[in-house]
Structures are given as C-alpha cells and as structure tokens.
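These are my notes from going through one structure, entry by entry. I began with the overall make-up and then took up individual residues.

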Amino acid sequence: MTEPATAQPVRIPFCSLTELQQQRHITRWMDTLRDEVTAYLVDGNIMVRSSVCVHMGGEFDVDWEKQKVCCRWHGWEFDLQSGDCLTFSLPGRRLRPYNHVVDGNTLYLLFGDADVAVQHSVSSP
C-alpha cells in the first residue's frame, strides 16, 4: 500500500536576498497570509516573523544592537532570534514565525506548511 501524497506548501516570493542584505529588514503586507510580515537578516541568518504586535497590533522599531524589536504603541519588546516577548513571560506571547526557503537570489515564504520557523544562513556578498 502506498502512502498518501502530502501537499507541498505554496511558495510566495517575498524579496531578493540582495535587497535584504542592503536593508537588513523588509516588511510587506502579504494578502495570502493576511498578515504583515518582516524578514530580518541577523548575523547572517534570516528570520521571518509577523510584524504585528500580539498585544494590540502595533508596529515595531528595530534595535539592532540589542537584537530586539519594540512596539511603537505600548513598548512591548520581542527577541529578534526567537520572537519571544521580552516584556512579559506569558505563554503564546511571541511573534508568529513563517517558514521560508531561499532559492537563488529570492526569499520565498511557504504557505500551508507548519508554523515552525526555518533559519537560513546568508553569506556576505
């Protein structure tokens, strides 16, 4: 008996690696995901997370030195690497991660896959 085929996630183009390397973070509204998403390049690793604060939906400023983002509305802070809330240690208070894949010079988001983030290393140009 053969195993049932598993559905492959849909690949959604997000940005070029060149653009991400130049800007360090890129934020875009993704209609398919119904979310505003940010890709961050931190120490050669790419992290892709929701850029909507879990508290009240505010926007973020990035503190590269401390590797965190801070909500402009109420000051909630989140770790760039893990997405965990640094302000309160409450279960579920983290920025939603998005699976992604790098193919050539393009970063794609994976839609329909598990919610576990994947990190990719990027070599410097």
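**Entry: aromatic pairs**

The model is a predicted one. I checked the burial of two rings before anything else: phenylalanine 60 and phenylalanine 78 are both buried. I then searched for aromatic pairs and got two. In the pair I looked up, the ring centres of phenylalanine 60 and phenylalanine 78 are 5.5 Å apart and the planes stand at 80°; the cut-off for edge-to-face is over 60 degrees, so the pair is edge-to-face. Phenylalanine 60 belongs to strand S5 (residues 60-63) and phenylalanine 78 to strand S7 (residues 77-79), so I note a link between distant parts of the chain, 18 residues apart.

**Entry: overall make-up**

I counted one helix and 10 strands in the chain. Along the sequence the order reads β-α-β-β-β-β-β-β-β-β-β. Of the 125 residues in the chain, 35% are buried. I also took the contacts between residues at least 6 apart in sequence: 41% of them join residues at least 24 apart.

**Entry: the open sheet**

Which strands form the open sheet, and in what order? I found three, ordered S1-S9-S8, with antiparallel pairing. Strand S1 (10-16) and strand S8 (100-103) are the edge strands; each has a single partner strand, so one side of each has no neighbour in the sheet. From one strand to the next, the twist averages 35°.

I looked at the S8 side in more detail. S8 and strand S9 (residues 106-111) run antiparallel and are joined by four bridges. Aspartate 103 has threonine 106 as its bridge partner in S9.

**Entry: threonine 106**

I stayed with threonine 106, which lies in strand S9. Is threonine 106 buried or partly exposed? Its relative accessibility is 24%, and buried requires under 20%, so threonine 106 counts as partly exposed. Leaving out residues up to four places away in sequence, I listed what threonine 106 touches: Pro13, Cys15, Ser16, Leu17 and Val101. For serine 16 I also took the C-alpha to C-alpha distance to threonine 106, which is 4.4 Å, with the two positions 90 residues apart in sequence terms.

**Entry: the S2-S3 hairpin**

Strand S2 (residues 25-30) and strand S3 (residues 35-42) run antiparallel, and I counted six bridges joining them. Tryptophan 29 has glutamate 36 as its bridge partner in S3. The hairpin has four residues between the strands, and arginine 34 in this hairpin takes a positive phi near 55°.

**Entry: arginine 24 and other positive phi values**

I found arginine 24 in the loop between helix H1 (17-23) and S2. Its phi is near 75°, which is positive in a residue other than glycine. The relative accessible area of arginine 24 is 37%, so the residue is partly exposed. The charged end of arginine 24 sits over the ring of tryptophan 64, at 3.9 Å from the ring centre.

A second arginine turned up over a ring: arginine 28 lies over the face of phenylalanine 14, 5.7 Å from the ring centre.

Glutamine 67 is another non-glycine residue with a positive phi, near 50°. I placed glutamine 67 in the loop between S5 and strand S6 (68-71).

**Entry: cysteines**

How many disulfides does a search of the whole structure find? I got zero. Cysteine 71 is in no disulfide, and its nearest cysteine sulfur is that of cysteine 53, 3.9 Å away. The cut-off for a disulfide is sulfur atoms within 2.5 Å, so the sulfurs of cysteine 71 and cysteine 53 at 3.9 Å do not qualify. Cysteine 85 is in no disulfide either; the nearest cysteine sulfur is again that of cysteine 53, at 7.3 Å.

I then looked up burial for these two residues. Cysteine 71 has a relative accessible area of 3% and is buried. Cysteine 85, at 10% relative accessibility, also counts as buried, because the limit is under 20%.

Terms used: Residues are numbered from 1 along each chain as its sequence is written. This is a predicted model: local features need pLDDT of at least 70, side-chain atom pairs count only at pLDDT 80 or more; totals for chains, interfaces and linings use all residues. Side-chain values use heavy atoms; hydrogens and water are left out. Rings of Phe, Tyr and Trp (its six-membered ring) pair if their centres lie within 6.5 Å; planes under 30 degrees apart count as stacked, over 60 as edge-to-face and the rest as tilted. Helices (H or I, at least four residues) and strands (E, at least two) are DSSP runs, numbered from the N terminus. Buried means under 20% relative accessible area, exposed over 50%, partly exposed in between (1.4 Å probe, protein chains only). A charge sits over a ring if NZ of Lys or CZ of Arg is within 6 Å of the ring centre and within 35 degrees of the ring normal. Two strands pair if DSSP finds at least two bridges between them. Axes are lines fitted to C-alpha atoms, for helices over the stretch in contact, and angles run from 0 to 180 degrees between N-to-C directions. Contact means heavy atoms within 4.5 Å.
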